[in-house]
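Thanks for coming, everyone. Today I want to talk about empty space and what surrounds it. Please have a look at the screen.

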Amino acid sequence: MSPDFDVFVIGGGPAGLATAIAAAQRGLHVAVADAWGPGIDKACGEGLMPDSVEALSALGVTLPKEAGHPFPGIRFLGCGVSVDAHFPSGSGLGVRRTVLHDLLSVEAGRRGIELLWKTRVTGLRAGMVECEGRSFRSRWIVGADGGQSAVRRWAGLDACRRDERRYGFRRHYRIEPWSEFMELYWGDGDPHEACQIYVTPVGPQEVCVAVLSRNPQLRLDQALPWFPQLALRLSGAAATSQERGGITASRQLRRVATERIALVGDASGSVDAITGEGLCLTFHQANALARCLEAGEAQGGLSRYEEQHRRLRRRPAFMADLMLLMGRRDWLRRRTLSVLSTQRNVFPAMLAMHVGGLPPVSFAANFLALGWGLLTQA
Ligand SMILES: Cc1cc2nc3c(=O)[nH]c(=O)nc-3n(C[C@H](O)[C@H](O)[C@H](O)COP(=O)(O)OP(=O)(O)OC[C@H]3O[C@@H](n4cnc5c(N)ncnc54)[C@H](O)[C@@H]3O)c2cc1C
């Protein structure tokens, strides 16, 4: 029997829609099923780094400026220090999740992708995708069903090299962004509760505030008193959304594909949200996967995707580990922030490496300066 589709994508979040768009761009006949409808919301810091914006435009998706709020760089605040750096090129964009999802859904529709909204996939059977009461035959199946992926389980791809979880809660506030930067506040808080809060401008009168910690019970209202400067700024601002929470995982799977099934986005593993690189990684994976699907078995099929997926993860995973270490160790955070504020070329270089604008080898001299500073700063 001939298949109904070349590619059936399970999960229509950013990863699923980006993969579908990239595959349709290459002439494949694609369907996407999601249990929800367009405009899907999710706990997210909502900051797209310049490399995320670039990765989206490689998919042919241009974000209009008015879709969000641009930011030229990142500011770290903590231990009495405030230090910022501009991106080496381009700017980031703070975008409400619902807006990003709407834009991707419209683009997918425009490309002739079959969009099966409000359709939960319930299982896979002999190359068929089973939805509530319907089944579809597809040449390739893509699991883009998020961090708690069922496709991952059905395909036997659950084995992990690493799986560490933290928890994030975010809320929006109606207030004019007080800084042009996306801000990351490093908390000392209660010694048992090292946490970070980041603030992303998402509109001329709105910011998104997200707290990240290892404590699933820690809500924004409990964490804010540990960040008095930020609490004061937000004190008169009305909340414009309900608090929404989610798991952020440092997860690396042993394998992300079988012969016919591939995982993408958070279903395929993830880096901690502290990097703000989750969506960028997802869009790069989508492009890489679509290239491999187009090339098909003759060019190594999904085993090539497996290699590319590993390579794409390296840089954001390295940066996430550095930042998590800084979050965990009091002395390291104190010294790092102090070095970044005194050696003014180190933070811009670090940020450039973070967003893929500087190869790690070119960062070496700054890394030495940072290391020396850490050893010698009192
Ligand atoms: C607190 C927090 C803050 C973050 N901040 C940032 C940030 O600032 N910048 C950044 O780039 N990244 C950030 N991230 C990471 C980013 O949100 C994720 O990497 C991104 O959402 C991954 O998208 P996805 O499509 O893989 O998964 P999801 O967005 O989870 O989408 C999965 C989709 O699959 C659907 N689905 C699941 N099961 C089924 C089924 N059986 N049948 C049909 N549909 C199904 C769901 O309905 C959902 O729509 C953050 C994450 C967290 C938790």
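Let's start with one pair of residues. Glutamate 183 has valine 199 in β14 as its bridge partner. Keep in mind that this is a predicted model.

Now widen the view to the strands. β13 and strand β14, residues 196-203, pair in the antiparallel sense over 4 bridges. β13 also pairs with β5, in the parallel sense, again over 4 bridges. In that pairing, isoleucine 74 stands opposite methionine 182 in β13.

Is β13 buried or exposed? Buried here means under 20% relative accessible area. In β13, 5 of the 5 residues are buried, so the strand is largely enclosed by the rest of the structure. What about its two faces? In a regular strand, side chains alternate between the two faces of the sheet. On one side of β13 we have Met182, Leu184 and Trp186, and on the other Glu183 and Tyr185. Every one of these is buried, so both faces are covered.

On to the empty space. Rolling a probe the size of a water molecule over the atoms shows where such space is left. How many cavities of 30 Å³ or more are there? The count comes to 5.

Take the largest cavity. Its volume is about 180 Å³. The lining has 17 residues, and those closest to the centre are Ile74, Phe76, Ile274, Met323 and His354. We have met Ile74 already, opposite methionine 182. Which elements give two or more residues to this lining? They are β5, β13, α8 and α10. So our strand β13 is back, and so is β5. The most comes from α10, with 4 residues. By class, the lining has 13 nonpolar, 3 polar and 1 charged residues.

Next, the second largest cavity. About 90 Å³ of space lies in there. Its lining includes Arg161, Gln252, Leu253, Glu306 and His309. Arg254, Arg310 and Arg313 are also among the lining residues. β17, residues 244-253, and α8 each supply at least two residues. Here α8 gives the most, with 4 residues. How do the classes divide? There are 2 nonpolar, 3 polar and 5 charged residues.

Now to the pockets. The second largest pocket has a volume of about 400 Å³. It is lined by 21 residues, and Asp51, Arg315, Val355, Gly356 and Gly357 lie nearest its centre. Two or more residues come from each of α2, α7 and α8. Once more α8 gives the most, this time 5 residues. The classes are 11 nonpolar, 4 polar and 6 charged.

Last stop, the ligand. Which residues come nearest to it? Of the 33 around the ligand, they are Asp34, Gly45, Tyr198, Asp266 and Leu279. Tyr198 lies within β14, residues 196-203.

There are some backbone contacts too. A backbone N or O atom of proline 14 lies 3.3 Å from an oxygen atom of the ligand. For alanine 15, the distance from a backbone N or O atom to a ligand oxygen is 2.9 Å. Alanine 35 has a polar backbone atom 3.1 Å from a nitrogen atom of the ligand.

To recap: β13 pairs with β5 and with β14, and β13 helps line the largest cavity. Meanwhile α8 gives the most to the linings of the second largest cavity and the second largest pocket. Thank you.

Conventions: Residues numbered from 1 in each chain as written. Predicted model: local features only at pLDDT ≥ 70, side-chain atom pairs only at ≥ 80, totals over all residues. Heavy atoms only, no water. 1 Å grid on protein atoms, 1.4 Å probe; cavity = no way out; pocket = protein on both sides within 12 Å on 5 of 7 lines; lining within 4 Å. Points joined across faces, edges and corners; volume = space filled by probe spheres on them. Nonpolar A, V, L, I, M, F, W, Y, C, P; charged D, E, K, R; others polar. Buried < 20%, exposed > 50% of the residue type's maximum accessible area, 1.4 Å probe, protein only. Pairing = 2+ DSSP bridges. Near = heavy atom within 4 Å. Polar contact = N/O pair within 3.5 Å; in protein donor to acceptor, adjacent residues only side chain to side chain.
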